[in-house]
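Trainee: Can you walk me through this one? I'd like to start with the overall layout.

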Amino acid sequence: MAEPSRHRSLYKPVGSPPWKETFRQGCLERMRNSRDRLLNKYRQAGGSMPAGAQKTLLVQEVMEEEWNALQSVESWPEALAQLEEPMDLAVLEEIQQELIDQEQSIISEYEKSLQFDEECLSIMLAEWEANPLICPVCTKYNLRVTSGVVVCQCGLYLPSHSPELTEQKLRACLEDSVNEHSACCPHTPAFSITEGTEEKPSLLMSCPVSLPGDPVVRAG
């Protein structure tokens with residue numbers, strides 16, 4: 001919470017009771033719409049809340065932005081002219097705490113999503129290590145590599161550039177690609193086969209939150 005003196009400068013006593021709910025709802029809606037901005041700040045902070053008395057990332061900005069927007073409405077300046085401190089500060093503190101709770105809820109939801117993706121990645125790697133090579137495209141059937149041709153019951157058919165390609169070599173290639181991706185991104189990658197009239201099919205690894213991926217196995 002900012003010091004009272006900062007509140008006095010930012011939020012001059014300019015209210016009557018009706019402004020409270022309008023301001024509150026506007027702040028909550030603005031925070032919901034600022035989810036991406038909040039998570040960007042969270043990632044920039046290294047995936048942790050900043051130290052300090054306030055311990056928030058976006059609450060103060062949201063309150064200031066909504067207050068300025070509220071004061072710009074022509075019908076409000078005359079109505080916002082009567083509320084006195086300390087009621088003014090009590091109202092703002094109440095709204096600020098609600099925004100802090102919402103901010104922490106958004107971050108908690110994001111952290112749970114990351115944890116789920118990490119668990120899925122660990123399961124995928126464990127299955128590759130303990131079981132026959134699972135097709136990374138359908139994640140259901142086993143891959144077979146015969147004379148350098150990669151095939152799967154799901155319909156995958158990928159002639160590689162190397163007739164010496166084996167399941168062990170393909171497994172190592174897939175694991176290296178996944179591990180390299182996980183070193184810089186917590187999300188689970190997906191695999192697909194690229195097809196075109198000019199380019200030969202390739203096994204492509206991509207991430208839903210990153211730029212298009214690179215081929216893992218390319219046809220010969």
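**Walking through the fold**

Mentor: Sure. Along the sequence, the protein chain follows the pattern α-α-α-α-α-β-β-β-α-β-β-β. Keep in mind that this is a predicted model.

Trainee: Okay, how many helices and strands are there in the protein chain?

Mentor: Six helices and six strands.

Trainee: And what share of the 220 residues counts as buried?

Mentor: 38% of them. The protein chain exposes about 12900 Å². Carbon and sulfur atoms supply 50% of that area.

Trainee: Let's go inside. Which residues touch the most other members of the largest nonpolar core?

Mentor: Phe23, Cys27, Met31, Leu38, Met63, Ile95 and Leu99. That core has 24 residues.

Trainee: Where does the largest share of this core come from?

Mentor: From H5, with nine residues. Helix H2 (18-33), helix H3 (35-44), helix H4 (59-71) and H5 each supply at least two.

Trainee: Why would such residues group like that?

Mentor: In soluble globular proteins, nonpolar side chains tend to be buried together.

Trainee: Pick one for me. What does Leu99 touch?

Mentor: Leaving out residues up to four places away in sequence, Leu99 touches Cys27, Leu28, Met31, Val59, Val62 and Met63.

Trainee: What does the second, separate core include?

Mentor: Leu133, Val145, Cys152 and Leu165 are among its 17 residues.

Trainee: New topic: Gln104. Where is its place?

Mentor: In helix H5, which covers residues 87-130.

Trainee: Why is Gln104 called partly exposed?

Mentor: Because its relative accessible area is 41%, and partly exposed covers the range between 20% and 50%.

Trainee: How far apart are the C-alpha atoms of Gln104 and Leu57?

Mentor: They are separated by 9.6 Å. Along the chain, the two residues are 47 residues apart.

Trainee: Now the strands. What order does the open sheet of three strands have?

Mentor: E1-E2-E3, with antiparallel pairing. Strand E1 (143-146) and strand E3 (157-159) are the edge strands, so each pairs on one side only. From one strand to the next, the twist averages 15°.

Trainee: How many bridges join E1 to strand E2?

Mentor: Four, and E2 spans residues 149-152. One bridge partner pair is Arg144 with Val151 in E2.

Trainee: Which helix packs on the sheet?

Mentor: Helix H6 (residues 167-182), touching E1 and E2. The direction of H6 makes about 125° with that of E1.

Trainee: Last one: what share of the contacts with a separation of 6 or more comes from residues 24 or more positions apart?

Mentor: 61% in the protein chain.

Terms used: Residues are numbered from 1 along each chain as its sequence is written. This is a predicted model: local features need pLDDT of at least 70, side-chain atom pairs count only at pLDDT 80 or more; totals for chains, interfaces and linings use all residues. Side-chain values use heavy atoms; hydrogens and water are left out. Buried means under 20% relative accessible area, exposed over 50%, partly exposed in between (1.4 Å probe, protein chains only). Two strands pair if DSSP finds at least two bridges between them. Axes are lines fitted to C-alpha atoms, for helices over the stretch in contact, and angles run from 0 to 180 degrees between N-to-C directions. Contact means heavy atoms within 4.5 Å. A nonpolar core is a set of buried Ala, Val, Leu, Ile, Met, Phe, Trp, Tyr and Cys residues joined through side-chain atoms within 4.5 Å. Accessible areas come from the Shrake-Rupley method with a 1.4 Å probe; for residues, only the protein chains shown count as cover.
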